[in-house]
Amino acid sequence: MNRLVASAREHISNAAKIVLLVIFCAAAGFIISFPLWKLATTAPGVYTTISLAVILAAAAFLAFRAIKKLSFISILRLILNIAIVVGGCGGAVLLLLQEKRLFALLAFCAMLFLCFLANSLLYEKPQD
């Protein structure tokens with residue numbers, strides 16, 4: 001009989017914990033999302049600016065933390081690859097908008113070749 005009561009008490013306790021967790025999550029979601037929703041509906045420009053600033057700050061923090069661990073050659077290769085990809089994709093899109101598909105394809109292929117060339121020229125052997 002004691003086992004039955006202990007088992008029932010444990011199941012009721014677990015169910016109560018689950019219900020409290022659901023209530024806590026719903027309350028936390030409401031507390032976080034309601035002010036954001038209110039700001040987004042009353043001042044969308046401010047909301048967009050704040051959201052973009054938070055996203056860019058988080059991306060900058062993560063990028064800085066990742067770059068801090070790299071060597072100079074790796075950082076140079078990363079910056080060069082980013083510049084090549086941005087330039088190549090931007091040029092290809094501009095050429096596509098001007099309806100010059102062949103040149104856009106050539107720009108895209110040149111971008112891939114330049115990325116390969118930059119990676120192979122700036123290759124550093126892994127240190128054992």
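Me: Is F30 buried or exposed?
Reply: This is a predicted model. F30 sits in helix α1, residues 2–42. The cut-off for exposed is over 50% relative accessible area. F30 has 52%, so F30 is exposed.

Me: Which residues form a nonpolar patch on the surface with F30, and what is their accessible area together?
Reply: The patch members are F30, I31, I32, F34, L36 and W37. Their accessible area together is about 660 Å².

Me: How many disulfides are there?
Reply: A disulfide is a covalent bond between the sulfur atoms of two cysteines. The rule asks for sulfur atoms within 2.5 Å. For C89, the nearest cysteine sulfur is that of C115, 8.7 Å away. The count is zero.

Me: Why is C115 not bonded to C89?
Reply: The closest cysteine sulfur to that of C115 is in C89. A disulfide needs the pair within 2.5 Å. The separation is too far for a bond: 8.7 Å.

Me: Which is buried and which is partly exposed, C89 or C115?
Reply: Buried means under 20% relative accessible area. C89 has 34%, so C89 is partly exposed. C115 is at 14%, so the buried one is C115.

Me: Where does N81 lie, and is N81 buried or exposed?
Reply: N81 is part of helix α3, residues 72–97. Its relative accessible area is 17%. The buried cut-off is under 20%, so N81 is buried.

Me: Which residues does N81 touch, leaving out those up to four places away in sequence?
Reply: One of the contacts is a cysteine already discussed, C115. That cysteine is itself buried, at 14%. The full set for N81 is C115, A118 and N119.

Technical notes
Residues numbered from 1 in each chain as written. Predicted model: local features only at pLDDT ≥ 70, side-chain atom pairs only at ≥ 80, totals over all residues. Heavy atoms only, no water. Buried < 20%, exposed > 50% of the residue type's maximum accessible area, 1.4 Å probe, protein only. Helix = DSSP H or I, 4+ residues; strand = E, 2+ residues; numbered from the N terminus. Contact = heavy atoms within 4.5 Å. Patch = residues over 30% accessible without salt bridge, like charges linked within 9 Å, V, L, I, M, F, W, Y side chains within 5 Å. Areas by Shrake-Rupley, 256 points an atom, 1.4 Å probe, with all protein chains shown as cover. Salt bridge = Lys/Arg side-chain N within 4 Å of Asp/Glu carboxyl O.
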